[in-house]
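Please work through the exercises below with the sequence and the coordinates at hand. Each task is followed by a solution in steps.

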Amino acid sequence: MLELVDSMRLRMDFSDTAIIIPAYKEAGMIKKVIDGLKEFPHVICVNDGSPDKTLEEIQKTKAIGLSHLTNIGQGGALETGIKYALTLSQIKYFVTFDADGQHNIEDVKNMIQEIRRGKCDIILGSRFLKKTSNIPFIKKIVLKLAIIFTNTYTGLKLTDTHNGLRVFNRKFAEKFKLTDFGMAHASEILDIIKNENFRYQEMPVTIAYTDYSRAKGQSVLNGVNILFDLLIRRK
Amino acid sequence: MPIKIILIAVLIFIFFYFTKFSQSTAAKAWKRIIFLLIIAFGITTIIYPSLINLLANFLGVGRGTDLLLYLLFVSFIFMTLTFYLKINILNDKLNKTISKISLIEGNKESGKKKK
């Protein structure tokens, strides 16, 4: 009985985990999102040069707030956050988490549970392993195209190549280096997996497509940008 | 017509140049050499305008003006790509600097808090 309670407590102990949240123009949601991460003592939120009060909102929370002078891109915010987290010696696991409330903290807990088994270096969230997300139709098509293209190019076989929810260990974090801080960073991360031969795995996650995220989230046109970025960068 | 071969070769060269060599010291040197050659060519053509017509006919182009136009076209592509690359490189340097600054500030903050 005591072992069961102990192991349950251990499972809920996330003092070895850092959640990195890149934030751009999320003054409306960011405090709510960070406050929702109750069981996680280490939250590093990087304000990517937001013109609104995002940084002030971050500073009201328990999170460590880092701030870029100007907007350099989500990839850049992730790299800054991860580099900072690496200086904290107690951190073994790193989570990339979106600032707009689309990600689910339960998914994060499941992914950490899994990565603690030591069988892989990085776990990628996937919207397409389970039919739970309500993805807007056009976005789904653009996404599927990007997935096919990215899989062909990287040689990895993923069901979701552009998911912001990832969990990885220190070994991977130390190799996290991007040349492109823009929207192509997602496929650059996959490149790192491929080139350094990291063990990877996908797990189903639920993305909440609320009115808020729909309104400010990536439109179809931005999907075109992503595809274009993928093509141009490949040269 | 020899001009066709030359133009195609130049375009292919531009493609490989920008994907591989553009940042080398050799590239820098050659750019300066070509710059000097262009100045020399320009001055010569101004003094002897009929020369460009001779050159054009030799290469299979109708008029000297047409040849100048082709040269202008190629130069334009070259210049545009050069600037595009340069801007990207500068952008990367800037981004890396911004990231580093935020890390330094972050470390200062946490250093203060610990005290």
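The exercises that follow concern a predicted model.

**Exercise 1. Overall character of chain A**

Task: Determine how many helices and strands chain A has, and what share of its residues is buried.

Solution. The secondary structure of chain A consists of 10 helices and 7 strands. Chain A has 235 residues, and 52% of them are buried. Turning to the contacts in chain A with a separation of 6 or more, 74% join residues 24 or more positions apart. The exposed surface of chain A amounts to about 11300 Å², of which 56% is supplied by carbon and sulfur atoms.

**Exercise 2. Helix 5 of chain A**

Task: Establish which residues of helix 5 of chain A are buried, and which strands are included in what covers them.

Solution. The cut-off for a buried residue is a relative accessible area under 20%. In helix 5 of chain A, which spans residues 105–115, 8 of the 11 residues are buried, so the helix is largely enclosed by the rest of the structure. Hydrophobic names and charged ones can be read from the list: Ile105(A), Asp107(A), Val108(A), Lys109(A), Met111(A), Ile112(A), Glu114(A) and Ile115(A). The cover over these residues includes strands 1, 4 (93–96), 5 (122–126), 6 (166–169) and 7 of chain A.

**Exercise 3. The surroundings of Val95(A)**

Task: Locate Val95(A) in the secondary structure and decide whether Val95(A) is buried or exposed.

Solution. Val95(A) belongs to strand 4 of chain A. With a relative accessible area of 0%, Val95(A) is buried. Leaving aside residues up to four places away in sequence, Val95(A) touches Thr17(A), Ala18(A), Ile19(A), Ile20(A), Val108(A), Ile112(A), Leu165(A), Arg166(A) and Val167(A). Two of these contacts, Val108(A) and Ile112(A), are among the buried residues of helix 5 of chain A. As a distance check, the C-alpha atoms of Val95(A) and Lys38(A) are 15 Å apart, with their positions 57 residues apart in sequence.

**Exercise 4. Aromatic rings**

Task: Find how many aromatic pairs the structure holds over all chains, and classify the pair of Phe168(A) and Phe176(A).

Solution. Over all chains there are 10 aromatic pairs. The rings of Phe168(A) and Phe176(A) lie 6.2 Å apart, centre to centre, with 10° between their planes. Planes under 30 degrees apart count as stacked, and the pair of Phe168(A) and Phe176(A) is therefore stacked. Both residues, Phe168(A) and Phe176(A), are buried. Ring pairs join them with Phe94(A), Phe172(A) and Phe198(A) in a cluster. Elsewhere, Lys144(A) lies over the face of Phe128(A), 4.2 Å from the ring centre.

**Exercise 5. Positive phi in loops**

Task: For Lys25(A) and Asn197(A), state where each lies and what its phi is.

Solution. Lys25(A) lies in the loop between strand 1 (17–23) and helix 2 (30–35) of chain A. Its phi is near 50°, a positive value in a residue other than glycine. Lys25(A) is partly exposed, at 40% relative accessibility. Asn197(A) occupies the loop between helix 8 (185–196) and strand 7 (200–204) of chain A. Although not a glycine, Asn197(A) has a positive phi of about 55°. Asn197(A) is exposed, with a relative accessible area of 66%.

**Exercise 6. Helix 1 of chain B**

Task: Explain why the buried residues of helix 1 of chain B line one face of the helix.

Solution. Helix 1 of chain B (residues 2–21) has 20 residues and reaches 26 Å from first to last C-alpha, close to the 28 Å expected. Its buried residues are Ile3(B), Ile14(B), Tyr17(B) and Phe18(B). Seen down the helix axis, these residues fall within an arc of 85°, so they line one face. On the other side, Lys4(B), Ile5(B), Ile8(B) and Lys20(B) are exposed.

How values were computed:
Residues are numbered from 1 along each chain as its sequence is written. Chains are lettered from A and ligands numbered from 1 in the order in which they are written. This is a predicted model: local features need pLDDT of at least 70, side-chain atom pairs count only at pLDDT 80 or more; totals for chains, interfaces and linings use all residues. Side-chain values use heavy atoms; hydrogens and water are left out. Helices (H or I, at least four residues) and strands (E, at least two) are DSSP runs, numbered from the N terminus. The expected span of a helix is 1.5 Å times one less than its number of residues. Buried means under 20% relative accessible area, exposed over 50%, partly exposed in between (1.4 Å probe, protein chains only). The arc is that of the directions from the helix axis to the C-beta atoms. Rings of Phe, Tyr and Trp (its six-membered ring) pair if their centres lie within 6.5 Å; planes under 30 degrees apart count as stacked, over 60 as edge-to-face and the rest as tilted. A charge sits over a ring if NZ of Lys or CZ of Arg is within 6 Å of the ring centre and within 35 degrees of the ring normal. Contact means heavy atoms within 4.5 Å. Accessible areas come from the Shrake-Rupley method with a 1.4 Å probe; for residues, only the protein chains shown count as cover.
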